[in-house]
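Student: I would like a close look at one part of this model. Could you take me through a pair of packed helices and what lies around them?

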Amino acid sequence: MTGKHFDVVIVGAGPSGTATAIKLAASGLQVALLDKATFPRDKTCGDALSVDVINQLPLLSEGLAAEFAALQNKIASFGVKVFSPDHHYVDIPFIYKNEKNCGYISPRMNFDNLLFQHVKQYANIHVFENFAVSNVRVVENQSQIETNCGTFTAEMVVGADGAHSIVSKYVGDIKVEKQHYSAGLRVYYEGVSSFHDENYIELHFFKEILPGYLWVFPLAGNKANVGIGVLSSVVAENKINLKETLQHLLKTHPHLSERFKNATPLETVKGYGLPLGSKKRNLSGERFLLAGDAAALIDPFSGEGIANAIRSGRVAAEHIIACFEQKNFTAAFNKSYDKEIYRRMWKEFRISRTLQYLVRYPLLFNFGVKKAGKSKYLQKFFIEAMANVEKKKNVLFKPAFYYRLLFK
């Protein structure tokens, strides 16, 4: 493969990389999609696919949306159950355009492979598995991508290679900052009991891990995705052993211990990192863009990253097409990519960062969830806020909301 030239090289074939490739399929550009793994491959994650994810699939390809509809290893989830530190909870159904809706839960092994296999149908997208990138640099007006199987060159390179991005390491400047990074663990279980009839995903907020949470997501086949995510600065400050904390909570917490009494882990605990979108970064430079987790686009409160990964891939493809039309691959021109990403996402990130701060206070969180269980106003707010960024912004930053929460 030494000396192989493409118009665009995309490093990483997860949701952001495949989304970029799919949206470049009609451009006529010659695109290489590289991944260090062989598909299907596992990706440590909560496996929840939000309504936002599902709504974007037809924007990538109607054929892809149809393929997802036929995917077997998934279940529909119609809401989220949020538990406060004092064990009260509120059920929040998923509503989209004033109608009941659903997301899905599907192992990333299956979902990512669906995206990856779909990409192969496009003649101008060239897929390379087991190609591990070792270096990226700009040399003589082109991007040079070194791999274990030779060197590629391209006019543009997209770093879609996750939290530990090689592209960002060599040409970007996104660093791990503990206050903007979360540590996570995941383990698959079989035999967990007592899920919601409509497969609500569960977020358990415990005092000792705030503003993080423990999750329990139902999966097809009587299985569950169970994990814990905690802000890295909190882990370091409080010297939290996440693995021990996860097991302790599952065995001793009154809402969990009985449900896990006969459950069996199906794997050893897997760890991963989540770069959070709680801070604006440089997402581009001369002849490169970053997308998905490599661009730190994970929601600071929920930890959800797949929807923004796909969205960033769509934006990246649009920008790359403009680069070729203008024959301009400079850092200055690529800044418009950063601006468009944050135009679409920063409002949500800012709100989620505020929520992340608020849930640090157990008394406030306990009070809010307990009152939400009794207040139709708060229930309506939570339901609408799940689907409407403007609703959250217009309410969350107004003193009248907190007055009503406390005194009405």
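Tutor: What follows starts with two helices and then moves to the core. Keep in mind that this is a predicted model.

Two packed helices are described by the angle between their axes and the distance between the axes. Take helix α2, residues 51-60, and helix α3, residues 62-69. They pack at an angle of about 135°, and their axes are 5 Å apart. That angle makes α2 oblique to α3, because it falls in none of the parallel, antiparallel or perpendicular ranges.

Now look at the side that each helix offers. From α2 come Ile-54, Leu-57, Pro-58 and Leu-60. From α3 come Glu-62, Leu-64, Ala-65 and Phe-68. By class, this contact has seven nonpolar residues, no polar ones and one charged one.

Next, find Phe-111. Leaving aside neighbours within four places in sequence, Phe-111 is in contact with Leu-57 and Phe-68, among others. Its other partners include Pro-15, Leu-49, Val-53 and Ile-306.

Phe-111 also leads to the core. The largest nonpolar core has 68 residues, and Phe-111 is one of those with the most contacts inside it. Val-8, Leu-34 and Ile-320 are also among them. Helix α8, residues 306-326, gives the most to this core, with nine residues. Another core, of 49 residues, lies apart from it, and Tyr-188 and Leu-274 are among its members.

Last, step back along the chain to the loop between β2 and β3. Asp-47 lies there. Its phi is near 75°, a positive value in a residue other than glycine. Asp-47 counts as buried, because its relative accessibility is 0%. Pro-40 lies in that loop too. The peptide bond from Phe-39 to Pro-40 is cis, with omega near 0°.

Methods. Residues numbered from 1 in each chain as written. Predicted model: local features only at pLDDT ≥ 70, side-chain atom pairs only at ≥ 80, totals over all residues. Heavy atoms only, no water. Axes fitted to C-alpha atoms, helices over the stretch in contact; angles between N-to-C directions. Helix = DSSP H or I, 4+ residues; strand = E, 2+ residues; numbered from the N terminus. Parallel < 35°, antiparallel > 145°, perpendicular 65-115°, else oblique. Contact = heavy atoms within 4.5 Å. Nonpolar A, V, L, I, M, F, W, Y, C, P; charged D, E, K, R; others polar. Core = buried A, V, L, I, M, F, W, Y, C linked by side-chain atoms within 4.5 Å. Buried < 20%, exposed > 50% of the residue type's maximum accessible area, 1.4 Å probe, protein only.
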